[in-house]
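The following exercises concern one structure. Please study the sequence and the coordinates shown here before attempting them.

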Amino acid sequence: MKETGFEDYSMAERRPNENPANAMGERLQSSPISKCRIPGLDYVLFVKGSGPHTIDYGFAPVAPPKEVIVSRKCAEAVLRGAQVFVPGVMACSAHVEKGDVVAVSVAIEQHIPDGGWAIGMTRGTVLQGLQTDPYHFERNGLYIGQGITTMSRAGIFRVSEGIAVDMNNRVFKLPSFHDVLEGEIFLQNLPSIVTAHALDPQKGERILDMCAAPGGKTTAIAILMKGEGEIVAADRSHNKVLDIQKLAAEMSLTCITTYKLDALKAVRRRNGSNDNVTVQSTELMTFHEEKTSSTVQGLNPEKGCNEIVSNEKENERTYVSKADIRKSRRRMRNGPGRNQCLGGRVENSKGFDPDSFDRVLLDAPCSALGLRPRLFAGEETVGSLRNHAKYQRRMFDQAVKLVRPGGVIVYSTCTINAGENEALVRYALDTYKFLSLAQQHPRIGGPGLIGGHEFPDGYVEEWLRPGEEELVQRFDPSSSLDTIGFFIAKFVVGPKNI
């Protein structure tokens with residue numbers, strides 16, 4: 001399902017005593033396009049898909065169809081209604097020309113001898129279309145639809161952007177909104193929209209979105225503030241910051257300022273160092289455009305920033321995410337790729353002064369176990385889930401220092417793992433006595449989890465206590481709302497001298 005925000009869209013009247021969440025669920029069952037009935041979300045429309053549908057790909061022993069294999073992330077986007085864009089194409093049959101009908105399948109990561117996961121092919125692989133093809137296993141039973149190529153095979157692997165396949169026959173049918181009302185609508189999951197409302201931004205405030213990419217929540221906050229105030233959108237990725245800039249420009253939002261900044265180093269100390277510095281081993285492979293320094297204006301951070309972090313202290317704690325490991329392997333196998341060649345100017349920051357924001361949104365990097373569709377999650381283990389939680393706690397520590405007394409912190413994830421959700425709330429309330437959970441509006445998610453869990457190795461996770469469960473929102477993918485799995489907690493910051 002897609003949740004699409006339309007500004008200034010009128011709200012239908014709700015029947016007296018009707019539960020808005022239940023009414024919305026019923027509405028979604030009966031109509032492919034429906035208007036949100038939740039008070040305050042009258043600018044939101046829902047677009048419901050259908051499927052799975054059976055497709056005749058035209059397989060024949062002597063004349064197999066022409067094919068295209070796409071990456072898993074590309075396939076997940078296609079299942080949500082997107083077209084196949086050039087960067088997502090991994091392999092293609094020989095002699096494919098513009099206008100050819102092609103079967104589209106997905107390459108799912110496979111376990112490799114060194115203990116990691118990879119798709120087992122390099123970009124540009126030629127498909128033979130037969131069961132004797134060594135890559136037949138990569139796509140057997142994993143077809144996601146049929147489409148018409150918009151360029152030849154040579155063109156697909158020569159250009160860096162654009163639509164490669166126009167999907168006109170999908171296993172799951174959803175409309176594509178590519179180039180539709182650009183700058184007027186933005187596709188977003190319902191819980192993400194609710195997160196911006198839970199933050200409750202006010203005109204004239206200074207707000208930080210710590211992990212802002214791709215920018216959906218940032219722009220939602222700007223719209224709620226009606227452009228009056230200052231929103232600082234930070235992300236550690238050069239190219240993701242460029243994406244936020246582009247989105248803000250498309251939506252004519254001028255109150256958003258973007259910076260490249262690791263959320264673990266968001267607090268600037270007066271001596272020039274940062275709290276909780278984490279050395280990212282893959283940053284040593286940063287390409288030229290991410291090594292440049294620039295002057296930061298308007299937010300009082302230090303001028304200039306050296307983006308290469310040296311590991312001078314052997315006792316410094318190192319966190320290397322699974323995503324970084326995968327990226328490193330892909331770079332070694334396929335070369336830098338287009339994601340390291342976008343160019344463009346990004347301001348670098350060494351962090352911000354303590355107590356310098358009215359509100360902070362921490363939409364933390366997580367295990368993403370709530371995302372839908374999710375075609376692969378084999379890389380997560382109990383150990384990796386715990387590492388996510390440790391990483392998130394350190395980011396939350398930074399958020400607490402940045403919010404002024406009387407301010408607000410909203411913490412959110414797109415995972416259903418309690419160790420990254422309820423356990424973080426428990427950590428926050430036990431560590432910072434001046435924090436308290438606050439009511440959220442609108443409230444359409446379910447309650448949080450009470451209690452805790454003891455793992456076989458003796459590790460104990462503590463979750464919420466009775467009475468706290470109704471102050472958070474946990475979105476269940478199996479509910480009638482039909483959303484992704486998501487979690488939202490809102491904290492009010494009291495006097496910090498407690």
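Two exercises with worked solutions follow.

This is a predicted model, in which local features need pLDDT of at least 70, side-chain atom pairs count only at pLDDT 80 or more, and totals for chains, interfaces and linings use all residues. Residues are numbered from 1 along each chain as its sequence is written, and side-chain values use heavy atoms, with hydrogens and water left out.

**Exercise 1.** Determine which strands pair with strand S23 (residues 486-493), strands being DSSP runs of E of at least two residues, numbered from the N terminus.

*Solution.* Two strands pair if DSSP finds at least two bridges between them.
Step 1: strand S18 (residues 403-413) pairs with S23 in the antiparallel sense over 6 bridges, and Ser412 stands opposite Ile488.
Step 2: strand S22 (residues 472-475) is also antiparallel to S23, over 4 bridges; here Gln473 stands opposite Ile488.
Step 3: strand S19 (residues 435-437) forms 3 antiparallel bridges with S23, with Leu437 opposite Phe491.
Step 4: 7 of the 8 residues of S23 are buried (under 20% relative accessible area, 1.4 Å probe, protein chains only), so the strand is largely enclosed by the rest of the structure.

**Exercise 2.** Classify the aromatic pair of Phe455 and Tyr459.

*Solution.* Step 1: rings of Phe, Tyr and Trp (its six-membered ring) pair if their centres lie within 6.5 Å; planes under 30 degrees apart count as stacked, over 60 as edge-to-face and the rest as tilted.
Step 2: the centres of Phe455 and Tyr459 are 5.9 Å apart and the planes stand at 45°, so the pair is tilted.
Step 3: Phe455 is buried, at 18% relative accessible area.

Technical notes. Buried means under 20% relative accessible area, exposed over 50%, partly exposed in between (1.4 Å probe, protein chains only).
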